[in-house]
Amino acid sequence: MVCLLLVAGILVQGGLVGSATSLSLSFAPSLRLARSAPSPHISLRPHGLRPGAVGRSRVTLWSDRRGLYEPTEPNQQGLLPVDDTHSLFYHVYGNSTSQHVALSLHGGPGAGSFPRHARFFDPKRCRVVLFDQRGCGSSTPRGSIDNNDTPNLIADIERLRVHLNVSTWDIVLGGSWGSTLALAYSQEYPERVRAMVLRGVCLMRAKEICWLFGPEGGCRALLPRAYKEFVSDLLEHETVSCKTVLEAYSRRLFSSNTTTQGAAARRWLSWEYSVSSLHQAAVLNATGTLSASSVVEWDGSRWLVDGKDEEELKAEARRRSSVTLTANTSKTNGNQSRPAPSAPYVPAQAMLTCWYSLHGGFLEEEAILQPQRMERIRHIPCIAVQGAADYICPPWTALDLHEAWPEMKLRLVAGAGHSMYDPEITSELVKATDFLLDRHTSDSGEGQEEETS
């Protein structure tokens, strides 16, 4: 498992991936991964060779990296009451007259949506709907877990669709936890989804949750000192399993003592940043491109990245997080300003990630992969973009989904991690939304008159 996650770094060190290219593995829709095989058949297809020249499963070197579309102002936003407790903040971008509508589902759970999420779609060709899920972002009440579970979130998407008078979502884009929600919603309402794009595939299974938070998990093995800090405030009996760790954090994160709550939230977020920063420091240089010079090494007791230990990596991750939060600050437009966050501060992301993780995403184990549920979405075109060095949502989850859904197109990007803003992940996502919009435009006959004139 660890070897799979580190393969991207080996490729970078070996010189296959330079600073201006990414390595993407595309599984043909007809390929089914066999459980008995140690790995799928993979062959390299350098950029420029004709497609299919080397078989059904291929690795493609891209040189035409795409970036985000230019930022735009929201043309509609508001608060939608969904029950007696919760109201959802939503904002809509792009072409208000377009018949094509895309929905972006944020991760976390509890991370909230940002205007930058709309920039993965061409604003001239579609409307893009963003919203903050229950209890987070500018939705109210912040941090509330009352009636806060996956079935209610699925129902909220339907309420929002009806409120905005959208007949079908042309593209549903979900990343990390958002990919779980995108799949669960599509399985419940397959007639409302025309296509999906997934990033950092997550199914909220026990083994995925324990990989990240459990004392027996892979992330603890990768970052032992950072994990020790993560559980440093817990009692010994609270650290014996993933379940006890999550229960202990739940008690602290939902404590009425704001000091206790704040300390737990800082440790929780610091741990998540540490896991992300291991990859980011290893493969990204100062310009945000893939670096072939970073070295990850084990000194016998800890991981070092270019000679830096976890404390230095965490400091770098916090600085990057601060920059990202500044860049994602919503602009205002007259009376359409984003609601101000309530005071005192409520650490919604840590609270809701813990809440949903403790309850397995409020899904039965392996629920999304159940054959009868997969049959409901098998006809829906889907492109999944997965970082091969994603430590938050390991690649084996995407491979499991592909095995159950071989019609799905999987893009496994070597050298890339979890973030949607990793340059190579961004490029693949933008290409995917463009491709699906092209397909919808062709299916609807738009532009035919111009092409024949």
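**Salt bridges, ring pairs and a helix contact in a predicted model**

Good morning. I begin with a network of salt bridges that links R205, K207, E208, E366 and D400; a salt bridge here is a side-chain nitrogen of Lys or Arg within 4 Å of a carboxyl oxygen of Asp or Glu. The model is predicted, so local features need pLDDT of at least 70 and side-chain atom pairs count only at pLDDT 80 or more, while totals for chains, interfaces and linings use all residues. Residues are numbered from 1 along each chain as its sequence is written, and side-chain values use heavy atoms, with hydrogens and water left out.

Within this network, the side chains of D400 and K207 meet in a salt bridge at 3.5 Å, N to O. The pair links distant parts of the chain, with D400 in helix 12 (residues 395-404) and K207 in helix 4 (residues 206-213), 193 residues apart. Helices (H or I, at least four residues) and strands (E, at least two) are DSSP runs, numbered from the N terminus. D400 is buried at 7% relative accessible area, and K207 is partly exposed at 41%. Buried means under 20% relative accessible area, exposed over 50%, and partly exposed in between, with a 1.4 Å probe and protein chains only.

How many salt bridges does the structure hold? There are 21 salt bridges in the structure. One of them joins R161 to E158, with the closest N and O atoms 2.9 Å apart. These two residues are separated by about one helical turn, because they stand 3 residues apart in helix 2 (residues 150-163). R161 is buried at 7% relative accessibility, and E158 is buried at 11%.

Another salt bridge brings together the side chains of D170 and R194, at 2.6 Å from N to O. This pair, 24 residues apart, also links distant parts of the chain: D170 lies in the loop between helix 2 and strand 8 (171-175), and R194 in the loop between helix 3 (177-188) and strand 9 (196-199). D170 is buried, with a relative accessible area of 3%, whereas R194 is partly exposed at 29%.

D170 leads us to L437, a residue of helix 13 (residues 423-444). In sequence L437 and D170 are 267 residues apart, yet their C-alpha atoms are 7.9 Å apart in space. Is L437 buried or exposed? L437 is buried, at 2% relative accessible area. Leaving aside neighbours within four places in sequence, L437 is in contact (heavy atoms within 4.5 Å) with H100, D122, R125, C126 and I171.

I turn now to aromatic rings. Ring pairs link F213, Y227, F230, Y249, W268 and W271 into a cluster. Rings of Phe, Tyr and Trp (its six-membered ring) pair if their centres lie within 6.5 Å; planes under 30 degrees apart count as stacked, over 60 as edge-to-face and the rest as tilted.

Y249 of that cluster also takes part in a helix contact. K243, L246, E247, Y249, S250 and L253 in helix 7 meet A350, M351, C354, S357 and L358 in helix 10. Helix 7 (residues 242-253) and helix 10 (residues 348-358) pack at an angle of about 140°, and their axes are 9 Å apart. Axes are lines fitted to C-alpha atoms, for helices over the stretch in contact, and angles run from 0 to 180 degrees between N-to-C directions.

Thank you for your attention.
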